[in-house]
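Reader: I am in my first year and still learning to read a model one part at a time. Could you take me slowly through a single part, the lining of the largest cavity, and then relate to it whatever else helps me find my way around?

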Amino acid sequence: MRKPFICGNWKMNLDRASAVTLAQATAKTAARLKGVDVGVCPPAPYLEAVAAAANGSPLIVGAQNMYFEPSGAFTGEVAGPMLKDLGCACVILGHSERRHVFGETDDLVSKKVKAALGFGLVPILCVGELLEEREAGRTEAVVRRHVTKGLEGLAKAQAEQVVIAYEPVWAIGTGRTATPQQAQEVHAFIRGLLADLYDPRTAEAVRIQYGGSVKPDNSRDLMSQADIDGALVGGASLKADTFAAIVTEGAKAKGL
Ligand code: PGA
């Protein structure tokens, strides 16, 4: 069965001391709820300090981005082997802010996903439609393109390791969450697509997180849905108590 995975995306927030304090508190949450994989993705400069704070606990540490080349003349970029070196187990790729603020293409995201697996990092591949795309009835077409391109060239055994985060862009940081039904519909669509691209067994193995204004009061309803295997949490992951409540409610939804 799929182990739920709830991960905080701290984005470009906090300072070193508050990052360490938050990581220490979240490590306690991870230790208390062992049935759920609990992770945090701090800003790159704080990865080492957060990994040290998480050391000896089940808290998973991840990065928010990486470049696909292992090293070289790529000023300002961070390489996968460097993230491994700092203690990262996973990396968020293709987040909507990377796609829409920094112009990342499906092609670039696809190279990053493949490279991350090669470096031994679990990619959290973010997919999701803009508001105008949803209103134009193009949600499935957009999500199909993001998933298909994001997994392009991966063998079954590689695809199984990828975590997909469905994040409707209109729900990110807006307080406007997708209803559990809206989210489940897209999650089921993604699982069906994975069965077409690979096979039903692979589709059943892949974890699909929901992201976009996840809060303690909607975590249980969202995670009660059959195809929602966890959450990628932005704003609400910056407060230890709030994030702990999201994890606690998510665990209850899965009967843990
Ligand atoms: P949010 O962000 O929870 O603040 O909406 C989610 C994300 O961007 O991953």
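Author: In this predicted model, the residues that line the largest cavity are Gly94, His95, Ser96, Arg99, His100, Cys126, Val127, Gly128, His146 and Glu167. The volume that they line is about 30 Å³, and the structure holds one cavity of 30 Å³ or more. If you sort the lining residues by character, they divide into two nonpolar, six polar and two charged. You can also sort them by where they come from: α4, residues 96–100, and β5, residues 122–127, each supply at least two residues of this lining, and α4 gives the largest share, which is three residues. As for how such a space is found at all, rolling a probe the size of a water molecule over the atoms shows where empty space is left.

From the lining you can turn to the strands that are numbered before β5, beginning with β4, which covers residues 90–93 and pairs in the parallel sense with β3 over two bridges. One place to look for this pairing is Ala63, whose bridge partner in β4 is Val91. Between these two strands comes helix α3, residues 80–85, and together β3, α3 and β4 make a right-handed β-α-β unit.

On its other pairing, β3, residues 60–63, meets strand β2, residues 37–41, again in the parallel sense and over two bridges. Here Gly39 stands opposite Ile60 of β3. The chain passes from β2 through α2 to β3, and this β-α-β crossover is right-handed as well.

Within that crossover, one residue deserves a careful look, namely Leu47, which belongs to helix α2, residues 47–54. Leu47 has a relative accessible area of 0%, and it counts as buried because that value is under the 20% cut-off. When its neighbours within four places in sequence are left aside, Leu47 is in contact with Pro42, Val61, Gly62, Ala63, Leu83, Leu86 and Cys88. Among these contacts, Val61, Gly62 and Ala63 fall within the residue range of β3, while Leu83 falls within that of α3, so that you can trace from this one side chain back to the elements described above. Finally, Leu47 and Asn13 are 34 residues apart in sequence, and their C-alpha atoms are 13 Å apart in space.

Definitions and conventions: Residues numbered from 1 in each chain as written. Predicted model: local features only at pLDDT ≥ 70, side-chain atom pairs only at ≥ 80, totals over all residues. Heavy atoms only, no water. Helix = DSSP H or I, 4+ residues; strand = E, 2+ residues; numbered from the N terminus. Buried < 20%, exposed > 50% of the residue type's maximum accessible area, 1.4 Å probe, protein only. Contact = heavy atoms within 4.5 Å. Pairing = 2+ DSSP bridges. Right-handed = clockwise from strand over helix to strand, strands pointing away. 1 Å grid on protein atoms, 1.4 Å probe; cavity = no way out; pocket = protein on both sides within 12 Å on 5 of 7 lines; lining within 4 Å. Points joined across faces, edges and corners; volume = space filled by probe spheres on them. Nonpolar A, V, L, I, M, F, W, Y, C, P; charged D, E, K, R; others polar.
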